[in-house]
Amino acid sequence: MADVSQELINELLQRLHQRADKSDTAIRDLRNEMNSMRFVVHAHQSDINNLYTMLHQLDARLERIENRLELRELAEAQARFEPHP
């Protein structure tokens, strides 16, 4: 009876070790996938930040253009109302 229980315990321990090894492998794979996803999210965040920077630069440029157009329109309007000698 003692031999059977020792064999049973050894078999159960072997199965437990196999399951633990599979769990370790699965956890390692999940960590690798999570790190890959972190890199992708970081890359997307960098792209978004670059787009915001470009949008801000375009907005500033458009504002300068609009200011120039308003000054030009103002000068043209003043020229129309000035008396010509």
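## A first salt bridge

E11 and R15 are joined by a salt bridge, and their closest N and O atoms sit 2.6 Å apart. Keep in mind that you're looking at a predicted model. Why can two side chains like these get together? Side chains of opposite charge can pair when their charged atoms come close.

Where are the two partners? Both E11 and R15 are part of helix α1, four residues apart, which is about one turn of the helix. As for cover, E11 has a relative accessible area of 38% and R15 has 47%. Partly exposed is the label for anything between 20% and 50%, so E11 at 38% gets that label, and R15 at 47% gets it too.

## A second salt bridge

How many salt bridges does the count come to? The answer is two. Besides the E11 and R15 pair, there's one in which the side chains of R72 and E76 meet, at 3.2 Å from N to O.

Look along the chain and you'll find R72 and E76 four residues apart in helix α1, so about one helical turn separates them. Are R72 and E76 buried or exposed? R72 has 54% relative accessibility, and because exposed means over 50%, it counts as exposed. E76 comes in at 38%, so it counts as partly exposed.

## The overall shape

Time to zoom out. What is the protein built from? It has one helix and zero strands. That helix, α1, takes in residues 2-81.

Now for the dimensions. Along its principal axes, the C-alpha trace of the protein spans about 125 × 10 × 5 Å. You can also look at the radius of gyration: a compact globule of 85 residues would have one near 12 Å, but this protein has 37 Å.

L58 and S23 give you a feel for distances inside this model. They're 35 residues apart in sequence, and from C-alpha to C-alpha they're 52 Å apart in space.

## What's on the outside

How much of the protein is buried? Buried residues make up 0% of its 85 residues. The accessible surface comes to about 8600 Å², and carbon and sulfur atoms account for 59% of it.

L58 makes a handy example. This leucine is found in helix α1. With a relative accessible area of 52%, L58 is over the 50% cut-off, so it's called exposed.

## Patches on the surface

Some residues gather into patches. I9, L13 and L16 form a nonpolar one on the surface, and together they have about 280 Å² of accessible area. One of these residues, I9, lies in helix α1. At 44% relative accessibility, I9 counts as partly exposed.

Which residues make up the patch of negative charge? They are D59, E63, E66, E70 and E73, gathered on the surface. Take E63 as a sample: its place is in helix α1. E63 is partly exposed, with a relative accessible area of 45%.

## Charges across the whole protein

Finally, let's take the charges of the whole protein together. There are 11 positive and 15 negative charges. How far apart are the mean positions of these two sets? They lie 2 Å apart.

Key:
Residues are numbered from 1 along each chain as its sequence is written. This is a predicted model: local features need pLDDT of at least 70, side-chain atom pairs count only at pLDDT 80 or more; totals for chains, interfaces and linings use all residues. Side-chain values use heavy atoms; hydrogens and water are left out. Helices (H or I, at least four residues) and strands (E, at least two) are DSSP runs, numbered from the N terminus. The radius of gyration is taken over C-alpha atoms; the globule rule is 2.2 Å times the number of residues to the power 0.38. Buried means under 20% relative accessible area, exposed over 50%, partly exposed in between (1.4 Å probe, protein chains only). Accessible areas come from the Shrake-Rupley method with a 1.4 Å probe; for residues, only the protein chains shown count as cover. Lys and Arg count as positive and Asp and Glu as negative; His and the chain ends are not counted. The place of a charge is taken as NZ of Lys, CZ of Arg, CG of Asp or CD of Glu. A salt bridge is a side-chain nitrogen of Lys or Arg within 4 Å of a carboxyl oxygen of Asp or Glu. Patches are made of residues with over 30% relative accessible area and no salt bridge: like charges are joined within 9 Å, nonpolar side chains (Val, Leu, Ile, Met, Phe, Trp, Tyr) within 5 Å.
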